[in-house]
Amino acid sequence: MPIPTVVANPFLAACRGEPVPYTPVWFMRQAGRALPEYRSLRGTGSILDAIRRPDLAAEITLQPVRRYGVDAAILFSDIVVPVAAVGFGVEIRAGVGPVVDRPFETSADLQRLRPLEPALDTPWITETVRILVKELRVPLIGFAGGPFTLASYLVEGRPSRDHLKTKSLMYTDTPLWLALVDRLADLAVASLRDQIEAGAQAVQIFDSWAGALSPADYQRYVLPAATRIFEGIADLEVPRIHFGVGTGQLLSLMTSAGAEVIGVDWRVPLDHARQLAPKARALQGNLDPAVCLAPWEVVSAQAQAVLRSRPTTVGHIFNLGHGVLPTTDPGTLTRLVELIHAETSTR
Ligand code: CP3
């Protein structure tokens, strides 16, 4: 009888580019409105209030793990939680997204972004993570918002398509912009360190809207703050994932910020992404979430095309290219997890 070896968790192994028994799968926004059990548990109150209740937030985190059989859980929280917790004045409006009382405009507004003290400001996050690591048999992913995306919400005051106010601040008062993204990086580091110390085994930085920038502008206006985040948690030695939408032109720069894993959306085939980000230990993605609204035959064919587009089977975490859409049939996602596991199993 061969002596059984302790097999590393497939998700964590894939993040490190190590061999895996099958390709791990999880879905961005796997907790949320696509799940009937989420809708009934959440009710109609504010999402930020739900996040402040550890039992509720832990249960919502667990729902998709049970239902879909995914290989990782992601903490039920939101990227605006740290800025809300230091009193910046932000709510999440249903069907809209983050809305800010008084948008960020001048250097005086920097004072509204004091340092985060997790033990005082977000003790409920620490508690939720502690509950989850006891309950979960898969790793928990902690997260924070990336500098450009968070700055955009604070400057625009609400979701924006073109980020014009944000870019205007960036180009006209560059020192203030750089001070803003540095503050946001410090908030992210404090929150991520707390999540990791409480038991999160990997983290993802969601710089969802960074794709609005050219490589030169990303390098000058965002990369220093992004690097500050990745360096600020490097000593904790958990895999770090860096994600944005429409960031094909930025994959190499985003990897250089320090991530082990780079998130790729559906616009860039994985073999191409591999060439664009040779230093990343792993790629994560990249089925178009809109495909999951289609009949199963279409989902299956497109998911298998994603698998075929991989240059190698190691160093890949299957995911969507962006979050699960609220109208997705949960049954499709359950079948998708089964399909990816079956198609990639080496046992
Ligand atoms: O399952 C998970 O992925 C974990 C939870 C999670 C949420 N938000 C919960 C949530 C995560 C990782 C986020 C991150 C987040 N929040 C991002 C980055 C990811 C991305 O989608 O690009 C962004 C841009 C936000 C800001 C935000 N929060 C938006 C744009 C919205 C949608 C508003 C709406 O109603 O359409 C939210 C609200 C939100 N955050 C919901 C969930 C499950 C849905 C609304 C609700 O249930 O009240």
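**A colleague's note: the sheet and the ligand site**

1. Let me start with a pairing inside the sheet. Strand E5 and strand E6 (residues 240–243) run parallel to each other and are joined by 4 bridges. Within this pairing, Phe206 sits opposite Phe243 of E6. Please keep in mind as you read that this is a predicted model.

2. The other neighbour to look at is strand E4 (residues 140–145), which pairs with E5 in the parallel sense over 5 bridges. If you want a residue pair to find this register on screen, take Ala144, whose bridge partner in E5 is Ile205.

3. Are the residues of E5 buried or exposed? Strand E5 spans residues 202–206, and 5 of its 5 residues are buried, so the strand is mostly covered, with buried meaning under 20% relative accessible area. In a regular strand, side chains alternate between the two faces of the sheet. Here Ala202, Gln204 and Phe206 point one way from E5, while Val203 and Ile205 point the other way, and all are buried. Gln204 is worth a look when you inspect this strand, as one of the buried residues.

4. Now for the whole sheet. It is open and made of 7 strands, in the order E1-E4-E5-E6-E7-E8-E9, with parallel pairing. Its edges are strand E1 (73–74) and strand E9 (316–320), each of which pairs on one side only. At the E1 edge, 2 bridges join E1 to E4, and these two strands run parallel. Ile74 has Ile141 as its bridge partner in E4.

5. What packs on the sheet at E4 and E5? Helix H10 (residues 174–198) does, touching both strands, and its direction makes about 170° with that of E4.

6. On to the ligand, which may be the part you open early. It is surrounded by 27 residues, and the closest are Arg29, Tyr38, Arg42, Ser208 and His322.

7. Which atoms make the polar contacts with it? For Arg29, a polar backbone atom is 2.6 Å from an oxygen atom of the ligand. Ala31 also contributes through its backbone, with an N or O atom 2.9 Å from a ligand oxygen. His322 uses its side chain: a polar atom there lies 2.6 Å from an oxygen atom of the ligand.

8. How much of the ligand does the protein bury? Taken alone, the ligand exposes 870 Å², and the protein buries 92% of that.

Conventions
Residues numbered from 1 in each chain as written. Predicted model: local features only at pLDDT ≥ 70, side-chain atom pairs only at ≥ 80, totals over all residues. Heavy atoms only, no water. Buried < 20%, exposed > 50% of the residue type's maximum accessible area, 1.4 Å probe, protein only. Pairing = 2+ DSSP bridges. Contact = heavy atoms within 4.5 Å. Axes fitted to C-alpha atoms, helices over the stretch in contact; angles between N-to-C directions. Near = heavy atom within 4 Å. Polar contact = N/O pair within 3.5 Å; in protein donor to acceptor, adjacent residues only side chain to side chain. Areas by Shrake-Rupley, 256 points an atom, 1.4 Å probe, with all protein chains shown as cover.
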